[in-house]
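Here's a quick briefing on the empty spaces, the chain contact and the salt bridges. Have a look at the model first, then read on.

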Amino acid sequence: MAQNPDSVIQTQNLTKKYGGVVALQDLNLDVQRGEVFGYLGPNGAGKTTTIRTLLDLIRPTSGTATILGLDSRRDSVKIHAQVGFLPSEMTLYHNMTGRQYVRFIERARGVACMREAEQLAERLDYDLNRSLEGLSTGNRRKMGLITALMHRPPLLILDEPTSGLDPLMQQTFNEYIRQIQAEGRTVFLSSHNLPEVEALCDRVGILREGKLVAVETIQALASLRFRWFVLEFEQPIEIEQFRALSNVTALETNPENTRLRIQVSGAIDPVIKLAAHYPLRDLSVEHPSLEETFLEFYGSNHKHDPQTQKEVRA
Amino acid sequence: MTIFRKSVRDSWKGMFGWGIGLGLYALLVIGLYPSVAAQKADYEKLMESYPDSMLDMFGTDDLFSPIGYLQSQLMLYIPLLLGIYAILQGLNAVTGEERKQTMDTLAALPIPRWQILTEKFLATLVIMIGILTQFFLSLVLGRALWPELDISVDKLAMATYASLLPIMVVAGVAYLLSATLPMHRRWGGIISALFLIGTYLIYALGNASQTIEKFQPFTPFEYYDAVKILKSGLPIGDLLVLIIATLVLWVASLYTFEQRDLGT
């Protein structure tokens, strides 16, 4: 694969196996300069494996990766100097304060960035003078974000960045990521959190069982979302009427036909209008997890054409 | 040298704990020497009833001279005791960081892996020198308080600091295991401990058994003889063997650490 000058992350058939277990298979990824790229997938899909391979923490079984035009293996030290990394499990040295930890990372990087760290800490409402021992998950995450961002790297690789942050801090984080993007820097983030991805990312790569099954724009991903409606009626209903609706992608009922669990993709107006013909006792909505969305749209009965980056229902 | 500084800082309590502990033990042993020396004839008569093989294990046939006493009651155990701390240091260097899940942050810094390990290894070296310095100062203090222990300060310094070399061989084994066995701190600990105790026993029993004696050259303790140093100075050839063994283990650690996946 020829190196695209606008590519910040480019992988070619990147594969990682642990014995007979394939953690990542033939990954071909191309993240462009200045974009916020979301990397999605259920637990164990290979997201963290990808990130750790890109950063040369683990070595690929085969294939190559270039980061900022540099080879991920040969030039790992140069890459590390230009990357801000937040690991999925942010563990800190307990015998330090936040300020001492910042100083440690600053010295190791050889870049003075205490002022930036202080500004970040203020934005994230974090006290750098407190001990790192016994921090909550959210505060460990904040500390990790501060040290990942403080040297203003051109590329940020963030593994589940907002996990453990409260909604207000997630909002602050989102604002900061938008600011980074406006500065022309690139963000590669893995997440389970679909609203976060929708709010931040330009494109998403969807990983399943170690394989990249799709790369979509965020608009395309939003159109994939579905919901389950649970409708309980006072009397039996005509199931076939619901089944015939074009937006209905799945349907379950009880033997008496008084309870309907219906999966709707896209507009819900036809479903609500039809349900209104019957005396309705109760209505509730279930939003699927991202994993359910993946399984629904990228399950074994679906194929993905990596050339066109379109998914095809088999 | 950020990682070096941090590693030393992380171990300063251990360094002073071990140093003060060994120092107090040294003072206790030296403090008993005047009474041992006063009853030397009685003790020698008692020892005559002991089998020769048992006496050989102390590495000297003169247990009640200042040098023989210091060897049999103190110097013989220093590499063994500090070897335990060296193992802990070596295991913490890599598998400790992996178990605490701090290795990812460390290895994602713009510092090559070889440098991370080298700085940690140098930190272990400095920590051991720190402990031995406290131990040496205790020997000097003990000698001043109880002049019956008539050994020159420079010989005490040589015997003390030369013990650093077998200790660093043990540290090298622990570093190699730590850098090679991903996350398996328990196995690294077991194998390192077996190496330390096994080679020590071979060295000690080899003095009393011809069968075991032929294996002594494969133990680091064979090349550190405090009696020889206290009597006639540093045996450069022996100490070179230990320096080379340490360097080989360190280079092997760098190689395996460079090759393997971290945190798996």
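**Cavities, contact and salt bridges**

The largest cavity here has a volume of about 100 Å³. This is a predicted model, so to speak: local features need pLDDT of at least 70, side-chain atom pairs count only at pLDDT 80 or more, and totals for chains, interfaces and linings use all residues. Side-chain values use heavy atoms, with hydrogens and water left out, residues are numbered from 1 along each chain as its sequence is written, and chains are lettered from A, with ligands numbered from 1, in the order in which they are written.

**Cavities**

- A cavity is a set of points, on a 1 Å grid over the protein atoms alone, where a 1.4 Å probe fits but cannot get out; lining residues have an atom within 4 Å of a point.
- Grid points are joined across faces, edges and corners, and a volume is the space filled by probe spheres set on the points.
- By that rule, you get three cavities of 30 Å³ or more.
- Both chains show up in the lining of the largest cavity, which includes A:Phe85, A:Met90, A:Arg109, B:Thr105, B:Ala108 and B:Leu109.
- α3 (98–109) and α5 (137–149) of chain A each bring at least two residues to that lining, and α5(A) has the largest share, with three residues; helices here are DSSP runs (H or I, at least four residues) and strands are too (E, at least two), numbered from the N terminus.
- Sorted by class, the largest cavity's lining has seven nonpolar, three polar and one charged residues (Ala, Val, Leu, Ile, Met, Phe, Trp, Tyr, Cys and Pro count as nonpolar, Asp, Glu, Lys and Arg as charged, and the others, Gly among them, as polar).
- The second largest cavity comes in at about 70 Å³, and its lining includes B:Met75, B:Tyr200, B:Tyr203, B:Phe221 and B:Asp225.
- For the second largest cavity, α5 (66–75) and α11 (185–206) of chain B each supply at least two lining residues, and the classes split into eight nonpolar, one polar and one charged.

**Second largest pocket**

- A pocket is an open set of grid points with protein on both sides within 12 Å along at least five of seven lines, and the second largest one holds about 480 Å³ of space.
- Its lining counts 21 residues, with B:Ser7, B:Asp10, B:Ser11, B:Asn92 and B:Lys100 nearest the centre.
- α6(B) gives the largest share of this pocket's lining, six residues, and the lining as a whole divides into nine nonpolar, seven polar and five charged.

**Chain A against chain B**

- Contact (heavy atoms within 4.5 Å) takes in 27 residues from chain A and 26 residues from chain B.
- About 2,400 Å² is buried between the two chains, 55% of it from carbon and sulfur atoms; buried area is the accessible area (1.4 Å probe) that two parts lose on being put together, summed over both.
- A:Leu57, A:Arg59 and A:Tyr93 supply 24% of the area chain A buries against chain B, more than any other three residues.

**Salt bridges**

- A salt bridge puts a side-chain nitrogen of Lys or Arg within 4 Å of a carboxyl oxygen of Asp or Glu, and the whole structure has 21 over all chains.
- Two salt bridges run between chain A and chain B, and A:Arg52 pairs with B:Asp104 across the chains (2.7 Å, N to O).
- Within chain A, A:Glu35 meets A:Arg203 (2.8 Å, N to O).
- That pair links distant parts of the chain, 168 residues apart: A:Glu35 sits in the loop between β3 (30–32) and β4 (36–40), and A:Arg203 in strand β10 (residues 203–208).
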